[in-house]
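Hi everyone, thanks for having me. I'd like to walk you through a protein fold today, so please have the viewer open and follow along.

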Amino acid sequence: MKKTLIIHPFLFAIFPVLFLYSYNVRELPFSEIFLPSAIVLSFTITAVLLLWLILKKDSKKAGIITSFFLVLFFSYGRVYELIKSWQIGTFIIGRHRYLMIIWVILFILGFYFTIRTRKDLRNFTNILNIIAVVLILFPLVSTGIYKFKTTTIRKDSMVSVQEDTFKSESAAPPHDIYYIIVDGYASSSTLKDFYNYDNSEFIDYLTEKGFYIASKSRSNYPMSYLSMASSLNMEYINYLSDIVGLESNDRTIPYKMIENNKVMNFLKSRGYKFIHFSSGWGPTNYNQYADLNIAISNRRWNEFQTLLIQTTMLDAFEKKFFQDTGRRRVLNTFTTLADVSKIEGKKFIFAHIVCPHPPYLFDENGNLVPEAEFNMDEWGLEQKEYYLNQLIFTNKKIETLVDKILSNSEVSPIIILQADHGPRNTYIDGRYPTDYMFKEGMRILNAYYMPSSGSDFLYDSITPVNTFRVIFNTYFGTDYELLEDKSYNSFDFSPYKFTDITDIVDYD
């Protein structure tokens with residue numbers, strides 16, 4: 001008789017990885033699936049082999065038990081998301097402790113009935129194989145179609161995005177340059193008008209240290225990847241609409257622009273070392289062009305791996321896996337940034353710190369928020385207090401960091417403290433924003449420490465697109481024309497449909 005092919009455990013193992021990737025294909029390189037796929041396949045192979053030996057070489061039962069476990073393992077997080085708010089009266093039933101017990105009981109029952117059955121499991125195995133093949137085809141076809149469509153972007157368009165001619169060959173100054181992006185940090189006016197919080201103590205601290213505060217600064221774009229692609233390349237990126245199309249929400253080009261950017265290339269051409277800090281988020285988690293990548297957490301979960309783990313039974317250990325990693329990343333970045341000055345030579349230091357942006361892991365004193373969850377999109381009116389407390393904590397860490405950078409540097413550095421966009425706690429429905437929402441989301445902190453009277457060339461309404469145009473003109477003798485300071489809105493579902501909202505978000 002023909003032997004039954006056992007493929008379903010391996011397909012069930014990689015299906016969750018491929019499915020999550022296909023859902024986020026516009027934001028991620030294909031290489032993101034390699035590590036998690038290797039891990040789950042290694043586990044599956046090991047499990048099937050061990051069960052095969054334990055069950056006296058019954059491959060069909062070994063495969064069924066492994067597949068059943070994988071289905072339970074990868075469905076756990078999805079089920080928990082559905083029931084976590086359920087309660088009967090005052091009794092909360094949507095807890096990990098209860099769901100985990102149910103899942104363990106289900107696995108024990110499934111294991112018991114599988115090993116006890118005397119039925120021929122050949123047909124059932126074939127059915128599982130067919131189900132697994134059909135399931136795996138959905139993300140593969142979806143991803144394949146998307147990849148095929150994106151190949152229509154011409155290579156010469158991709159290259160033209162990065163082309164630039166540096167305008168001066170004058171000697172580079174000796175100043176280290178720190179570009180520190182504090183994600184989602186609101187302007188003082190936003191904090192006062194929308195949060196009833198006076199941030200003047202922190203602003204006064206920066207001013208006393210010699211910072212210039214661009215008090216009327218705005219973001220050029222509403223989302224991190226658009227904003228950083230613009231600021232790091234010193235240009236507006238509205239032309240991407242013609243390259244990728246108005247209906248596209250593919251992020252490939254702006255992600256590449258962040259990684260291989262004009263500011264970095266300009267400074268490296270002048271003898272600067274490029275030092276890049278891991279953020280845990282997409283294009284700023286690692287940079288292949290950096291002279292030194294600093295991963296500041298022992299656990300290097302990036303956003304995709306975190307989302308994948310949150311769908312599994314490991315979600316029950318969220319604080320161990322995610323909150324601790326997120327907290328360590330922020331804390332260690334602030335600590336390590338102060339020591340970078342000890343590295344020999346001129347340096348361009350880039351650190352994207354996902355704070356005060358969610359997830360809300362810190363109270364105002366840096367303690368873990370008891371009810372904290374690792375949710376990168378945790379905006380909302382009910383989150384305003386959490387946001388404010390995390391901002392106060394961020395202020396304290398910045399003050400300590402600035403003190404150490406200035407005291408540790410033999411030559412006065414250039415320091416840019418800048419938000420990529422503002423908070424979005426009033427964005428109840430992002431499709432129908434009000435002027436109020438636009439102002440909250442676009443007005444930002446933008447502060448510069450520029451020694452040797454460099455701040456003389458700054459102005460209150462400077463936006464990130466002009467940041468390095470001013471710095472390069474001031475310290476490197478270039479003659480970059482300053483661009484008109486504009487703010488453009490677009491939505492996550494159509495990021496390249498840009499609308500000029502400068503008049504709306506400008507300061508009164």
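Let me begin with a term we will need: a salt bridge is a side-chain nitrogen of Lys or Arg within 4 Å of a carboxyl oxygen of Asp or Glu. Please also keep in mind that this is a predicted model.

Now find Arg-218 and Asp-506. Their side chains meet in a salt bridge, with 3.6 Å from N to O, and that falls within the 4 Å of the definition. Where do the two residues sit? Arg-218 belongs to the loop between β4 and α9, while Asp-506 is in the segment after α18 (502-505), so the pair ties together parts that are 288 residues apart in sequence. Arg-218 counts as buried, at 2% relative accessibility. Asp-506 is partly exposed, at 31%.

How many salt bridges does a search of the whole structure find? The count is 10. Let me show you some others.

Take Asp-403 and Lys-209, whose side chains meet at 3.0 Å, N to O. Asp-403 is in helix α15 (residues 384-408) and Lys-209 in helix α8 (residues 200-209), so this pair ties together parts that are 194 residues apart in sequence. Here both partners are partly exposed: Asp-403 has a relative accessible area of 32%, and Lys-209 is at 33%.

Next come Asp-492 and Arg-251, with their closest N and O atoms 2.8 Å apart. This pair also links distant parts of the chain, 241 residues apart. Asp-492 is in the loop between β10 (488-491) and β11 (494-500), and Arg-251 is in the loop between α10 (240-244) and α11 (252-259). Are these residues buried or partly exposed? Asp-492 is partly exposed, with a relative accessible area of 45%, whereas Arg-251 is buried, at 9%. And there is a little network too: Glu-484, Lys-486 and Asp-500 are joined by salt bridges that share partners.

Let's move on to the sheet. As a reminder, strands of a sheet pair through backbone hydrogen bonds, either parallel or antiparallel. In this model, 7 strands form an open sheet, and the order is β4-β9-β8-β3-β7-β5-β6, with mixed pairing. The edge strands are β4 (212-213) and β6 (292-294), each of which pairs on one side only.

Zoom in on β3, which covers residues 177-182. On one side, β3 pairs with strand β7 (residues 347-353) in the parallel sense, over 6 bridges. β3 also pairs with strand β8 (residues 414-418), again in the parallel sense, over 5 bridges. You can check this residue by residue. Ile-181 has His-352 as its bridge partner in β7, and Ile-181 stands opposite Gln-418 in β8. Tyr-179 has Ile-416 as its bridge partner in β8.

How many of the residues of β3 are buried? The answer is 6 of 6. Ile-177, Tyr-179 and Ile-181 point one way, and Tyr-178, Ile-180 and Val-182 point the other way.

Now look at helix α17 (residues 467-476). It is largely enclosed by the rest of the structure, because 8 of its 10 residues are buried. Among them are Phe-468, Arg-469, Ile-471 and Tyr-475. What covers them? The cover includes β3, α9, α12 (262-269), β7, β8 and β9 (446-449). Just after the helix comes Gly-477, with a positive phi near 75°.

One residue brings several of these pieces together: Ser-231, in helix α9 (residues 224-231). Ser-231 is buried, at a relative accessible area of 2%. Leaving aside neighbours within four places in sequence, Ser-231 is in contact with Tyr-179, Val-263, Gln-418, Pro-464, Val-465 and Phe-468. You have met Tyr-179 as a residue of β3, and Phe-468 as a buried residue of α17.

Finally, let's go to the outside. Ile-101, Ile-105, Leu-109, Tyr-112 and Phe-113 make a nonpolar surface patch of about 510 Å². Tyr-112 lies in helix α4 (residues 96-116), and Tyr-112 is partly exposed, at 43% relative accessibility. To read the numbering there, remember that an α-helix has 3.6 residues a turn, so residues three or four places apart point the same way.

That's my tour, and thank you for listening!

Note on methods
Residues are numbered from 1 along each chain as its sequence is written. This is a predicted model: local features need pLDDT of at least 70, side-chain atom pairs count only at pLDDT 80 or more; totals for chains, interfaces and linings use all residues. Side-chain values use heavy atoms; hydrogens and water are left out. Helices (H or I, at least four residues) and strands (E, at least two) are DSSP runs, numbered from the N terminus. Buried means under 20% relative accessible area, exposed over 50%, partly exposed in between (1.4 Å probe, protein chains only). Contact means heavy atoms within 4.5 Å. Patches are made of residues with over 30% relative accessible area and no salt bridge: like charges are joined within 9 Å, nonpolar side chains (Val, Leu, Ile, Met, Phe, Trp, Tyr) within 5 Å. Accessible areas come from the Shrake-Rupley method with a 1.4 Å probe; for residues, only the protein chains shown count as cover. Two strands pair if DSSP finds at least two bridges between them.
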